[in-house]
Structures are given as C-alpha cells and as structure tokens.
Amino acid sequence: EEVTMIRNFLIIMAFLLICIFLGLLGTFWFRTQQRTGEIAIRKVCGSSSSDIFRRLFGEGLLLLAIVTPVAVAGDFALVRFLRETDTPVTSDPLNVLAMAAATFCLLSLMIILGILFPAIRAMRINPALALKDE
C-alpha cells in the first residue's frame, strides 16, 4: 500500500512538472516573441546581443525572485497545516527550504529556456524587417 501511494505521488508530481514546464515555457516564449520589435530597436541603438539577453533573462528571473518569498511562506503554512491534520509530512524547515531552492532552480531553467530560443531567433531577424510590422 505504501509503494502504491509513493508511485501515485510520483506520477502526480511528474504530471504537474510537465504542465508547469509547458505553461512557463509557453508564456515566456510568447512574451519574448511579442518583443521582437523592441529587440530590433535595441539592436539598432547599439545594444549587443549579450546586453539584450541579460535584460530579458533579468526580467524573467526578477519576476521569479519576487514571487518566491510568497511561495515559500505558503509552503511553510501548508506544512504547518498538514502537521496539524496528522498527515505524514517532513516538517523540518531546512528540508522545506531545500525543496524551495530546488524548485527555484527548476523554474529558473524553464524561464531561461522559454526566453533563450525566441530571443536567439529574434536577434537573427533584420531590424528593418522586424520594425516593419510595428
């Protein structure tokens, strides 16, 4: 019975990770594609590709950094609630912080991948063609 419960948790976790990955990837992919005109203007004004990448990655990771403390507080509240309902849960604060750090790293990777590929494609477009649609 315990093995079945663990397997079910792992399947649910994998499903949620795939859904979250596709959602974040799609969101940042679409957001970066919509900014092709802005990328073209920055290139015309003399920005290097690394400057543009730093700006795009910085904005995405800043959004994650703003939301992370709220999520960690929610995690601690959830652990506290589960402890009161006699649900078997590891309530060690260090464990919760380690899981939050791992989640932060995974989400950072998803954000970077969601920005990287459309940004590379947008930088290869001739700025005159990109600005024609604006």
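This report walks through the overall form, the helices and the buried interior of one protein chain.

**The chain as a whole**

Please keep in mind that the structure shown here is a predicted model. The protein chain holds five helices and zero strands, so its pattern along the sequence reads α-α-α-α-α. Its radius of gyration is 20 Å, well over the 14 Å that the globule rule gives for 134 residues, so the chain is more spread out than a compact globule. You can see this in the C-alpha trace too, which spans about 65 × 25 × 20 Å along its principal axes.

Of the 134 residues, 22% count as buried. The accessible surface comes to about 9300 Å², and carbon and sulfur atoms account for 70% of that area. As for contacts between residues at least 6 apart in sequence, 76% of them join residues at least 24 apart.

**Two helices to look at: α1 and α4**

The table sets out the lengths of α1 and α4.

| Helix | Residues in helix | Span between end C-alpha atoms | Expected span |
|---|---|---|---|
| α1 (2-33) | 32 residues | 46 Å | 46 Å |
| α4 (93-124) | 32 residues | 47 Å | 46 Å |

For α1, the reach from first to last C-alpha is close to the expected value. For α4, the distance between the end C-alpha atoms agrees with what 1.5 Å a residue should give.

Which residues of α1 are buried? They are Leu25, Phe28 and Thr32, and these pack against α2 (36-44), α3 (49-84) and α4 (93-124).

Helix α4 has its own list of buried residues, including Val96, Ala100, Leu107, Met110, Ile111, Gly114, Pro118 and Ala122. Among the elements that cover the buried residues of α4 are α1, α2 and α3.

**The nonpolar core**

The largest nonpolar core has 14 residues, and the members that touch the most others are Ile39, Leu56, Ile115, Ala119 and Met123. Two elements, α3 and α4, each give two or more residues to this core. The largest share, seven residues, comes from α4. As a general background, nonpolar side chains tend to be buried together in soluble globular proteins.

Met123 is a good residue to click on. It is one of the buried residues of α4, and, leaving aside residues up to four places away in sequence, Met123 touches Ile39, Lys43, Ser49, Ile52 and Phe53.

**A stacked pair in α3**

How many aromatic pairs does a search of the whole structure find? The search finds two. In one of them, the rings of Phe53 and Phe57 have their centres 5.7 Å apart and their planes at 15°, so this pair is stacked. Both Phe53 and Phe57 are buried. They sit four residues apart in helix α3, and are therefore separated by about one helical turn. An α-helix has 3.6 residues a turn, so residues three or four places apart point the same way.

**A buried arginine in a loop**

Finally, take a look at the loop between α1 and α2, where Arg35 is found. Is Arg35 buried or exposed? Arg35 has a relative accessible area of 13%, and because buried means under 20%, this residue counts as buried. Not counting residues up to four places away in sequence, Arg35 touches Leu56 and Glu59. Leu56 is also one of the core members that touch the most others.

Terms used:
Residues are numbered from 1 along each chain as its sequence is written. This is a predicted model: local features need pLDDT of at least 70, side-chain atom pairs count only at pLDDT 80 or more; totals for chains, interfaces and linings use all residues. Side-chain values use heavy atoms; hydrogens and water are left out. The expected span of a helix is 1.5 Å times one less than its number of residues. Buried means under 20% relative accessible area, exposed over 50%, partly exposed in between (1.4 Å probe, protein chains only). Contact means heavy atoms within 4.5 Å. A nonpolar core is a set of buried Ala, Val, Leu, Ile, Met, Phe, Trp, Tyr and Cys residues joined through side-chain atoms within 4.5 Å. Rings of Phe, Tyr and Trp (its six-membered ring) pair if their centres lie within 6.5 Å; planes under 30 degrees apart count as stacked, over 60 as edge-to-face and the rest as tilted. The radius of gyration is taken over C-alpha atoms; the globule rule is 2.2 Å times the number of residues to the power 0.38. Accessible areas come from the Shrake-Rupley method with a 1.4 Å probe; for residues, only the protein chains shown count as cover.
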